[in-house]
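Q: Please take one part of this model and go through it closely. I would like to see how its strands and turns fit together.

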Amino acid sequence: MAFRKVVKGTALIGGGAIATVFGLSQFSQYRNKHGNFMYVQAEEPVNIPMKSHLPTREDQLLALQNTHEFDVLVIGGGATGCGCALDAVTRGLKTALVERDDFSSGTSSRSTKLIHGGVRYLQKAIMRLDFEQYKMVKEALLERANLLEIAPHLSGPLPIMLPVYKWWQLPYYWVGIKLYDLVAGSQCLKSSYVLSKSRALELFPMLQKERLVGAIVYYDGQHNDARMNLAIALTAARYGAATANYTEVVRLLKKTDPKSGKECVFGARCRDVLTGQEFDVKAKCVINATGPFTDSVRKMDDQKVSNICQPSAGVHIVMPGYYSPDNMGLLDPATSDGRVIFFLPWEKMTIAGTTDTPTDVTPHPIPTEEDINFILTEVRNYLSCDVEVRRGDVLAAWSGIRPLVTDPSSKDTQSISRNHVVAVSDSGLVTIAGGKWTTYRSMAEDTIDAAIQAHNLKAGPCKTVGLLLQGAKDWSPTLYIRLVQDYGLESEVAQHLASTYGDKAFEVAKIAQVTGKRWPIVGKRLVSEFPYIEAEVVHGIKEYACTAVDMISRRTRLAFLNVQAADEALPRMIDIMGKELHWSEQKKKEELAAAKKFLYYEMGYKAKSEQLTDSSEITLIPSDIDRYKKRFHMFDKEKKGFITILDVQRVLESISIQIDENTLHEILNEVDLNKNGQVELNEFLQLMSAIQKGYVSGSRLAVLMKTAEENLRQRVLIPVDRSGGGL
């Protein structure tokens, strides 16, 4: 077996060397065509002036309705669609974009948050001598450099550790990672390097120590995906593209070409989802950039057309930040079933994922308990036994649908390449399918090139290489210091605003409310443990946020970081939005219900809440049961068999702890499984059993009762335990 592994490693090293030579020659050709991305301005200057103020959504809808004919109409507001709109408008084409939901509401906000070439795709390219996969990695690495350059406030390099547990794997992985660096060429973020076991544990102390041989560290990019998508859309809008979210395509408009006699697509019938108003948008070219919904739009054009997309579901979970170092990710290249798992720090939390399973296309994908437990199991395999990986520490979970291009000979989605395909139908509908987040810009360039050729549009060359996105122009790593000094914001809040809005952070700071405290002077937080402030809700409306879900998940990222914190922030968010958008009380109730439904199903709240149910098994040993019963009866003095808010208030007052009644109601409601307004002994024991098994963590009631018990016990001991002993 060992001999086979050595032979395998040697063969791969040889293959890697051959691929390296081939790669360098191809890389040279690519650079001659595209030039360097990093540290340069756009290759082609954009002569169109940017609008100083962002048009309102109402202005954009009027532009869609009143423009006689656009050159390009893009359907889809994800990264690729917005990239197409930005590419087209900066070439001087009259451009429109419609999205039936919110910008980045689908796959583009549910990624692994990486800007990467794809280490696993490079491995497959070498193993299978697959030139197409190799080209995709090469292109993605160059696009990675460009994306880091045009939006430095939203992105940055991230070191990722690949732990090695067998000596023979060290040279094997080292060759692969070095090849990754070589393909990136001068756009390599930082050179990869090898770590000894002791150094690896120093940088990533949570790692499993047993059998660890060493580690290899390489660099990829990381970004705030939903904000990046929005930045692309806002930049396109500032250059003059008529972009509107919550605008659905009802059907494609067709007419007969008098020259060819063919039916041609010349626009779309659209509907404002918020008002129900319908109108036509006419365009010389219609582009289908709808990701997983690509085939549904293609079938609007031709019912008989065969599907070209094979959707794959990827689930991610979010765990507390203490599970990973602040600035070091982890890659598990060989999980129990062959899938790759990333374990990455993000927004001071830890992201783990992703799964890769075939799925049906749905606008509301739901993370399953099976996928969540698969990720947790793989994480346990790599972390030290000193770190208890608990199901209760999953703070949020989401599922995203990847629009992979179908390979008819493929048996599973793992072997499908993420190469993109641009197709033009007989009626002139241009479709862009496949690809990945990192290559959105080159996908858009290929799409607009195809549109220009197919429809004889008058436009210049692509101008998006090096074109700065909104917020990047005057951003610097120290910009947050000016926010602290000029406006009196907390340092953490200022850093968050600078890294989210870039040089537009001052617009948010200007409308931030005075706190009335000595410090911070301005900036009321929505929830205490996250740096999101109320002014961001007002600003988010200017950035086309129309619903509470938009605000909780994409203008801020609360839903993706902690569903319970998001749930707590919702009422205040809706109050602010209601005031700004003139919502009725009924509308506010509807928004609250819709947002809670979103958190419950799509952000993993349902999976989290099901860890404690009224049928949960109690697996406590007798001594633990006795201990918890005594704790419970400290609150249930009257031996009723249950505790209420009044019981908890009485005990807390005796130890000088004050908590308002609404908060106490929320705390008890988390454990009140039958929702009768009281917590029975059985419910409390179910809670403690679930905590012991790791299914539930951070229970406020459990911590509160333990603290109260300890305080009361100390108070009883003080009178009898005198200093110096005595009688």
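**Three strands, two hairpins**

A: Start with a facing pair: Arg 269 stands opposite Asp 280 in S10. This is a predicted model, where local features need pLDDT of at least 70, side-chain atom pairs count only at pLDDT 80 or more, and totals for chains, interfaces and linings use all residues. Residues are numbered from 1 along each chain as its sequence is written, and side-chain values use heavy atoms, without hydrogens or water.

Strand S10 covers residues 278–288. Strands here are DSSP runs (E, at least two residues), numbered from the N terminus. S10 runs antiparallel to S9, and 5 bridges join them. Two strands count as paired if DSSP finds at least two bridges between them. S9 and S10 make a hairpin with 5 residues between the strands. Gly 276 in this hairpin takes a positive phi near 85°.

Now go to the other partner of S9. Strand S8 spans residues 247–256, and S9 spans residues 263–272. S8 and S9 pair in the antiparallel sense too, over 9 bridges. One contact to find on screen is Val 249, whose bridge partner in S9 is Cys 270. S8 and S9 also form a hairpin, with 6 residues between them. Gly 261 sits in that turn, with a positive phi of about 80°.

What should you look for along each strand? In a regular strand, side chains alternate between the two faces of the sheet.

To trace the whole part, follow S8 through the turn with Gly 261 into S9, then take the hairpin with Gly 276 on to S10.

Methods: Helix = DSSP H or I, 4+ residues; strand = E, 2+ residues; numbered from the N terminus.
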